Amino acid sequence: MRVFMTGASGWIGSAVVPELLAAGHEVSGIARSEDSAARLRAAGVAPIAGSLDDLGTLRTAAEAADAVIHLGFKHDFSDYAASGRTERAVMETFGDALAGTGKPLLFASGIAMVAPGRPATEEDASPFTGPDAPRGGAEALALGFAERGIQPVALRFAPTVHGDGDHGFTAVLAETARRTGVAGYVGDGANRWAAVHRSDAGRLVAKALENPGVANIVHAVGEEGVAARDIAEAIGRGAGVPAASIASEDVEAHFGWIGRFFSLDIPASSTLTQERFDWRPTGPTLLEDLAAGHYFARAAA
Ligand SMILES: NC(=O)c1ccc[n+]([C@@H]2O[C@H](COP(=O)([O-])OP(=O)(O)OC[C@H]3O[C@@H](n4cnc5c(N)ncnc54)[C@H](OP(=O)(O)O)[C@@H]3O)[C@@H](O)[C@H]2O)c1
């Protein structure tokens, strides 16, 4: 298949690309800079110059492909509403480009607040609808594309896709501990985060592309829920600082923008995904990854 990707140069995308190439697919990807284009070329991806704001370029590239995998996202948490507007506009563009073609449209999504108080499953619909919702309500919008003759598949990634080289939430928490001298958790730290190793996430996306009709919601989740306190204690051991509870009124001051995410309880199951796609997570657990030291080697360098 000719697969067009956004975010092919990113943390998850760069784990997906080798899986697609190994399966014999041709991959093209949007590149917003010469640096990204060079990284894509080195990985075996044909770069297409443009950005998530170049909707015409995205449309043309999607029309020319047999499938689209959308993993690009503006991770600007200081203006998350703007990121959501872009996400929605990109999704509307892919909807128009692929309508009536039967082509698969795989896209990144999340699990936060999908099922408050219990592990979210693949059968829980996203509560976020409409353009003002988190991520622009893009998951609900795109799943509706099934009625337009598209095969949409929501790739719901655990809130931490961890591994050596991660620059996402877990890396930010490790850096926050190093900077403040405290590995914080909120309240009693009983809230949980689902987790998945990057290698497992990459394999799963490739499997979902091969079988887009199997399920329209996929949970890239290796561990159902790791307690925030256990995460903080592992970060404390790695960073050589004490773990401590942060009172809810001090969360913003201690953690900054990541505090509101680290306060959330985001457990999730992948039982159905594992059955449906014959996928078994085999990578290190989050606590094993934190014990391996790479999150702290980089910070100390
Ligand atoms: N990592 C996680 O733990 C996690 C958890 C849950 C959900 N997700 C979601 O999964 C998806 C992939 O995440 P990730 O961790 O791989 O993100 P990432 O490492 O930050 O990569 C983001 C990708 O988007 C591209 N991008 C950003 N802004 C762009 C723009 N304006 N125009 C074109 N491309 C742009 C980046 O290109 P450059 O290479 O040029 O920067 C990069 O390829 C995202 O939707 C993310 O929200 C991730």
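## Between the two domains

Let's start where the two parts of the protein meet: between domain 1 and domain 2 there are zero salt bridges, a salt bridge being a side-chain nitrogen of Lys or Arg within 4 Å of a carboxyl oxygen of Asp or Glu. Polar contacts do occur, with four residue pairs found across this interface, both residues at pLDDT 80 or more. A polar contact is a pair of N or O atoms within 3.5 Å; within protein, one atom must be able to donate a hydrogen and the other to accept it, and residues adjacent in sequence count only if both atoms are side-chain atoms.

On the side of domain 1 that touches domain 2, helix H7 (residues 198–210) gives the most, with four residues. Helices here are DSSP runs (H or I, at least four residues), numbered from the N terminus. That side of domain 1 divides into 13 nonpolar, three polar and three charged residues; Ala, Val, Leu, Ile, Met, Phe, Trp, Tyr, Cys and Pro count as nonpolar, Asp, Glu, Lys and Arg as charged, and the others, Gly among them, as polar.

## About the model

This is a predicted model, in which local features need pLDDT of at least 70 and side-chain atom pairs count only at pLDDT 80 or more, while totals for chains, interfaces and linings use all residues. Residues are numbered from 1 along each chain as its sequence is written, and side-chain values use heavy atoms, leaving out hydrogens and water.

## Domain layout

The domain assignment, which is automatic or from a database, gives domain 1 as 2–159 + 197–221 and domain 2 as 161–195 + 224–267 + 283–300. Their contact (heavy atoms within 4.5 Å) takes 19 residues from domain 1 and 22 from domain 2.

The C-alpha centres of the two domains lie 26 Å apart. About 1800 Å² is buried between them, with carbon and sulfur atoms giving 69%; buried area is the accessible area (1.4 Å probe) that two parts lose on being put together, summed over both. In domain 1, Trp11, Pro159 and His197 lose the most area to domain 2, together 43% of what that side buries.

## Around the ligand

Ser9, Arg32, Ser36, His75 and Arg135 come nearest of the 24 residues around the ligand, counted by a heavy atom within 4 Å. A side-chain N or O atom of His75 is 2.8 Å from a ligand oxygen, and for the side chain of His167 the value is 2.9 Å. Trp11 uses a backbone N or O atom, 2.8 Å from an oxygen atom of the ligand.

## A salt bridge within a helix

The whole structure holds 14 salt bridges. In one of them, the side chains of Glu92 and Arg88 meet at 3.6 Å, N to O. These two residues are separated by about one helical turn, because they are four residues apart in helix H4 (residues 80–98).
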